[in-house]
Amino acid sequence: RVQVEFYMNENTFKERLKLFFIKNQRSSLRIRLFNFSLKLLSCFLYIIRVLLDDPTQGLGCKELNRSCSNQNYTPGTIDWSPIIWVNRSLPLWGLQVSVALISLFETLLLSYLSYKGNIWEQILRIPFLLEIINAVPFIITIFWPVLRNLFIPVFLNCWLAKHALENMINDLHRAIQRTQSAMFNQVLILISTLLCLIFTCICGIQHLERAGNRLTLFDSLYFCIVTFSTVGFGDVTPKIWPSKLLVVIMICVALVVLPIQFEQLAYLWMERQKSGGNYSRHRAQTEKHVVLCVSSLKIDLLMDFLNEFYAHPRLQDYYVVILCPTEMDAQVRRVLQIPMWSQRVIYLQGSALKDQDLLRAKMDDAEACFILSSRCEVDRTAADHQTILRAWAVKDFAPNCPLYVQILKPENKFHIKFADHVVCEEEFKYAMLALNCICPATSTLITLLVHTSRGQTAPWEAFRQLTGTKQALNRDSQQSSEQWQKMYGRCSGNEVYHINLEESTFFAEYEGKSFTYASFHAHKKFGVCLIGVRKEDNKNILLNPGPRYIMSSTDICFYINITKEENSAFKKQEKHRKKHESKLSYHGASRLPVHSIIASMGTVAIDLQDTGCRTSSGPTLTLPSEGGKEGRRPSIAPVLEVADSSSLQTCDLLSDQSEDETTPSDDEVSAGLEYAKGYPPYSPYIGSSPTFCHLLHEKVPFCCLRLDKGCQHNYYEDAKAYGFKNKLIIVAAETAGNGLYNFIVPLRAYYRPKKELNPIVLLLDNP
């Protein structure tokens, strides 16, 4: 048996070196920092050599038996010996040789590791040529000591330092986990270019003028600043033609290089202003803000978000930073210019897929990030793909930022399971439609509860908010004389609020009482509807827990009201309402459609259950007699403060209490339908919530699912031929998407009586 080892990279010496010097982020960054330091050190050693040098000594000339005495020259003649030879001490020479050896070895090694088949491309690169010019002469002086004082333009290493800085700037920001903007990088490159031009000109003029005016470094600095600033005093000027030629060359280079740098800087500045600039880091650290990421911003999406977000009083001081890749349209621009929004909403044009744009929005300091999609997207799958990519990018950039994501298709929820909150539009829509089939107007009730309204909204305006209609209604059209419309408009302002029981005026007196008692009497006394509670040590909300639940002082009560209790005023009223109560009449029988309505919608669960249980003798609530002489009987049974064990029956939600469970009806027997309770054997997508429901014992062949075509198993070709006893539920859709699972399953839930199961017909454009 032979043991085989597998490697992620090629197990050769060259690949190991390449992994360390190039591929590995940390080690390659250290190598680049070391190279940058070497170049700066070589420039520093050059300055030290200039400060210690004396042009009159001419050590190099003596060693070659040349006369370098100070003498007068006729105009037009140049003594080249001070330009070719310099005074370099032995310790300084040793340091410069060591730096040159290390730099040359590193350059040759990196060129070898990055070699891709074209040797001339490696040799003719400007950084490689500069490295050869600055390093090879020092190595030659090791073997030929007579050239130890030969002038070498070491100051050109400043350009190699600039090149190393440009290469490592992105890796350096990534290593310190603080990415700078493109504007900062461009400004840094521009400053480094200016410094390199000035430093090269200073050192070049100073060295060439050794044979002329013998300028110091400070005199050369003064001359370069005066020349490049176009002031030109003329008190310091080059004397010999080589230095004059260098000045001309440097001015030409500056005229070519600097405008290019300024052009790029101006372009970045214009793009930055066009895209909204940056969100201030100081403001991000002192003020709270959230980021809204959208692919395209429409006015209805913007207003819905802003109205709902700022409806909560605790969010009034938050800033909203909008990050959108498209430009603002005219409507959005006009809205954001309104003083109410202009002080709190900041628009940035950018993409959530770019770290620079996320940095501009200060995503790492944001309190939350909302990634929304438009409901009117034509290609909903493509829209979800963009949402998933944006969610991944935000989570990678700011892993501690809470993420709220809106997805359109349910099968895409699996890809963003890392998000703190996910809302699937298609799941929610189909689940609401299913609840409408069980309990009419459920979707209207839930939509009005979650939608912010002032409570005086006319029904037409409420309808516009529900349907997204953009029609502008004037004041006159919103006023209506119909009583039910006024009631609808006023009650549409009801919302769900929460408060601690011991701090509440509504519910504090019901401590130690049953939930049913507290809910009944709070509604009777204050007109509020207590719908659920949450224990202090539990994150789950109990919706209508029933008479067995005893209210505690630490419970958090959830109630429906026009406004929250903190904004309510309490006035004592006299109890003279007998005449008004006598006018109230009972308008007919009211029957709960099911014993318990529990709809599982993936991210949302709605539990609306009645607390009573049916007995074998029939329902516990009986209708009052209309013509009785004994007086009007109460339509609601007495509510006890604490549930009595004798008044409560054992009620198990997992067991169906319907009378049709014990014995099958004649219709079921004749139709041959036999149901079993269980979970659907197949799930349409990953992440769907399994629901206990009614199932057939045997799987129906696919051919039998076509209502308009017969098959070998049956010959029915329309719904009438089937002879359905219950009314049909017809779903008109373009295709049978996975979201229909959330419509079908609640209608087949286990708690529904078998005789109330309605046939479901899918009317599809593309079957």
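# A quick tour of the model

The side chains of glutamate 425 and arginine 380 meet in a salt bridge, with N and O 2.4 Å apart. That pair ties together distant parts of the chain: glutamate 425 sits in helix H18 and arginine 380 in helix H17 (residues 380-397), 45 residues apart. Keep in mind that this is a predicted model. The protein has 767 residues, and 39% of them count as buried. Its secondary structure comes to 27 helices and 16 strands.

**The big picture**

- If you look at contacts in the protein with a separation of 6 or more, 69% of them come from residues 24 or more positions apart.
- The protein exposes about 46500 Å², and carbon and sulfur atoms supply 57% of that area.
- Here's one pair to find on screen: alanine 266 and glutamine 186 are 80 residues apart in sequence, but 9.9 Å apart in space, going C-alpha to C-alpha.
- Alanine 266 lies in helix H11, and at 38% relative accessibility it counts as partly exposed.

**Salt bridges**

- Side chains of opposite charge can pair when their charged atoms come close.
- The structure holds 10 salt bridges.
- Back to the opening pair: are its two residues buried or exposed? Glutamate 425 is buried, because its relative accessible area is 18% and the cut-off for buried is under 20%. Arginine 380 is buried too, with a relative accessible area of 19%.
- Next door in the sequence, glutamate 426 has its own salt bridge, this time with lysine 409 (4.0 Å, N to O). This pair also links distant parts of the chain: glutamate 426 is in helix H18, while lysine 409 is in the loop between strand S5 (403-407) and strand S6 (421-424), 17 residues apart. Both glutamate 426 and lysine 409 are buried.
- Some salt bridges share partners, and that joins Arg49, Asp53 and Arg210 into one network.
- For a pair within a single helix, try arginine 360 and aspartate 357, whose closest N and O atoms are 2.9 Å apart in a salt bridge. Both lie in helix H16, 3 residues apart, which is about one turn of the helix. An α-helix has 3.6 residues a turn, so residues three or four places apart point the same way. Arginine 360 is buried, and so is aspartate 357.

**Helix H13 and its buried face**

- Which residues of helix H13 (residues 299-309) are buried? They are Ile299, Leu301, Leu302, Phe305, Leu306 and Phe309.
- Looking down the axis of H13, you'd see these buried residues fall within an arc of 165°, so they line one face of the helix.
- What do they pack against? The strands are S1 (289-293), S2 (319-324), S3 (345-349) and S4 (368-371), and the helices are H14 (330-336) and H15 (339-342).

**A nonpolar patch on the surface**

- Trp80, Ile84, Trp241, Leu245, Ile249 and Val253 make a nonpolar surface patch of about 550 Å².
- Helix H11 (residues 241-274) gives the largest share of the patch, with 4 residues.
- Isoleucine 249 has its place in helix H11; with a relative accessible area of 43%, isoleucine 249 is partly exposed.

**An open sheet**

- Four strands form an open sheet: it has 4 strands in the order S7-S10-S8-S9, and the pairing is antiparallel.
- Strand S7 (495-500) and strand S9 (542-543) are the edge strands, so called because each pairs on one side only.
- How many bridges join strand S8 (residues 529-534) to S9? There are 2 bridges, and S8 and S9 run antiparallel.
- To spot one bridge, look for glycine 532, whose partner in S9 is leucine 543.

**Two residues with a positive phi**

- Lysine 362 has a positive phi of about 55°, although it is not a glycine. Its place is in the loop between helix H16 (355-360) and S4, and at 6% relative accessibility lysine 362 counts as buried.
- Alanine 441 isn't a glycine either, yet it has a positive phi of about 75°. Alanine 441 lies in the loop between helix H18 (425-438) and helix H19 (442-450), and it is partly exposed, with a relative accessible area of 46%.

Conventions:
Residues are numbered from 1 along each chain as its sequence is written. This is a predicted model: local features need pLDDT of at least 70, side-chain atom pairs count only at pLDDT 80 or more; totals for chains, interfaces and linings use all residues. Side-chain values use heavy atoms; hydrogens and water are left out. Buried means under 20% relative accessible area, exposed over 50%, partly exposed in between (1.4 Å probe, protein chains only). The arc is that of the directions from the helix axis to the C-beta atoms. Contact means heavy atoms within 4.5 Å. Patches are made of residues with over 30% relative accessible area and no salt bridge: like charges are joined within 9 Å, nonpolar side chains (Val, Leu, Ile, Met, Phe, Trp, Tyr) within 5 Å. Accessible areas come from the Shrake-Rupley method with a 1.4 Å probe; for residues, only the protein chains shown count as cover.
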